[in-house]
Structures are given as structure tokens and as C-alpha cells.
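Let's take a friendly walk through a protein structure together. Have a look at the sequence and the 3D view before reading on.

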Amino acid sequence: MPRPRAVLLDIDGTLTDGIGGPAFPGAVDALQRIARRVPFRYVTNCTSWSRAMLASGLAREGFPLPEGALVTPTVLAERVLVARGDDSGVLIAEPATLADLGWYRVTAPASARSVLLASEAHELTIAELQPAVEALLAGARLYTLQQNRVFRRHGRLVTDLGPLAAFLGYAASVGWENLGKPSPLLFDALAQDAGCAPAELALIGDDAEFDAAGALRGGCGAGVLVRTGKYRAGDEEKVQPRPTLVADDVAAALAQLLRPDA
Ligand SMILES: [Mg+2]
């Protein structure tokens, strides 16, 4: 495994125990050490917190936070949708993240360029999703901030954005584009920012499917799985391609990836 030119770090379950939760032992030290040696980005699929809330959580724990280091799916969404003229239409979002979506113009379904799925919508009824279906049937494109299947909340696994993207896509017989991990759109943009090729990126995360295998399928050179957060014994055997490396925690993963002889 060649030494990466830039490192992408998942947050929840990799650096901290839960979003906004305490840092895992050794994680802050490890980040402070690598921050001086290699470009890095925090890359999260979290859609229930705004960037400002996420940033203050990381800063409070002592993680280094240079300008631009925190990348959420809304960052890529703005870049891609504005460039394509798809930055207006039907928006499904949580109040907490509207601060990051001010660039998106809400329209009637008939004139929508897109449907932007930014929430798992647990509070919405099926009836409240009809404008999105109408917009898609009228030709709008479907984008989702991420397509995770489930996430852990209050100790239970509950549906994430992926099942809702599938619901809307099925209703209107359309596919969707994912703007979160492991979208190649995301890895291409991050590689461009780092001045390297996607194959020179390494991603470290606790989700075998969406972080480790997803990074490799999305074009990254390394997908590293950590045995913290949502990791369960044997996760690495259930995905293809297999993770480049499985490490006990983020400190061990960084030590291996950036060892002097790599
Ligand atoms: Mg995670």
C-alpha cells in the first residue's frame, strides 16, 4: 500500500463515540501528529447536524480544525448542484441543517430542477413526500446527501437516507445520485482540492461497506476499517473489495498508513 497523499477521516465511530460525543482515546493526539505531516479532511455523512455544530463538537474535543477541513455532504451538494443548475426544487431537510442549504431555492414541484434529500424524514408522513414524487415524475433529478441504510440512535438502528432515496426513486422509476461517501463525485472533488489523484487518497472509517469498501469502489487508493464505533467482529469479511487494512483504532490506522518506510 503506497503512502497516501491525503487522508480522509470519518468522524462518528472513528474519531468520536457518536456525533458530538467524546473523542476515542488517542484520537486527538494522533490527529495533532498527522496534521503537521499530511493534508487531511474530516468527511462525514452526518445530515442531522449543521457544519457549525459538527465543527464546534470537534474543536471542543481538541481536534485540529484548519479552514476547510470539515467536509459534509452539503458542501459537495452545493458545488455539484450549482454547477449543473440543479440548485432549485423540492428540499427535504431537517431544521438543524437548513443553515448549510441556504443556496438551494425551493420551488413548486412542477418547476423543480431537482429533489434534494437531506433528511431521513422520520417526522414526515407519506403524504408529505408527494411533492417530491410529483417533481420527479415531472422530470426533476433526484439527489441524496448520502445513501446509508441505517444509523444508530438511542441504541437502536433506524433508517437513514438510503431507504428514502429508494422509496422516492421506486415511486417515480428514477435512479438517484449520491453526494456523500462513497460517491466518486466526492472523492474526485476532495482529490482535486488536495492536488492529487483519487487513487492517492486513503479513507479511514468504522463502516466496512460505506467507508472501507466504498472508498475503494469510489476510486480511493486505500480503504481502512477501524474496530471502533459500529464495527462488529467479521465485518471486513462481508464486503467486497476487502479493506486495505483493519486497525484497532484511528491512531493505529494512521501509524500504519504513514509509517516512515511506507
Ligand atoms: Mg462512522
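This report goes from the whole chain to one pair of helices.

## The chain as a whole

What you see is a predicted model. Its secondary structure comes to eight helices and 13 strands. If you drew a box around the C-alpha atoms along the principal axes, that box would be roughly 60 × 40 × 35 Å.

How does the radius of gyration compare with that of a compact globule? For a chain of 262 residues, such a globule would have a value near 18 Å, and this protein chain has 18 Å, so the two agree.

## Inside the fold

Of the 262 residues, 47% count as buried. Sequence distance is also worth a look: take the contacts between residues at least 6 apart in sequence, and 65% of them join residues at least 24 apart.

## Where two helices meet

Now zoom in on helix 4, which covers residues 130-137, and helix 5, which covers residues 161-172. Their axes lie 9 Å apart, and the helices pack at an angle of about 50°. Why are they called oblique to each other? An angle of about 50° is neither under 35 degrees, over 145, nor within 65 to 115, so it counts as oblique. Helix 4 passes helix 5 in a right-handed crossing.

Which residues make this contact? Helix 4 brings A132, V133, L136 and L137, while helix 5 brings L168, A171 and A172. Sorted by character, the residues of this contact are seven nonpolar, with no polar and no charged ones.

Conventions
Residues numbered from 1 in each chain as written. Predicted model: local features only at pLDDT ≥ 70, side-chain atom pairs only at ≥ 80, totals over all residues. Axes fitted to C-alpha atoms, helices over the stretch in contact; angles between N-to-C directions. Helix = DSSP H or I, 4+ residues; strand = E, 2+ residues; numbered from the N terminus. Left-handed = near helix turned anticlockwise from the far one by under 90°. Contact = placed C-beta atoms within 7 Å. Nonpolar A, V, L, I, M, F, W, Y, C, P; charged D, E, K, R; others polar. Rg over C-alpha atoms; globule rule 2.2 N^0.38 Å. Buried ≥ 20, exposed ≤ 12 C-beta atoms within 10 Å, placed from the backbone.
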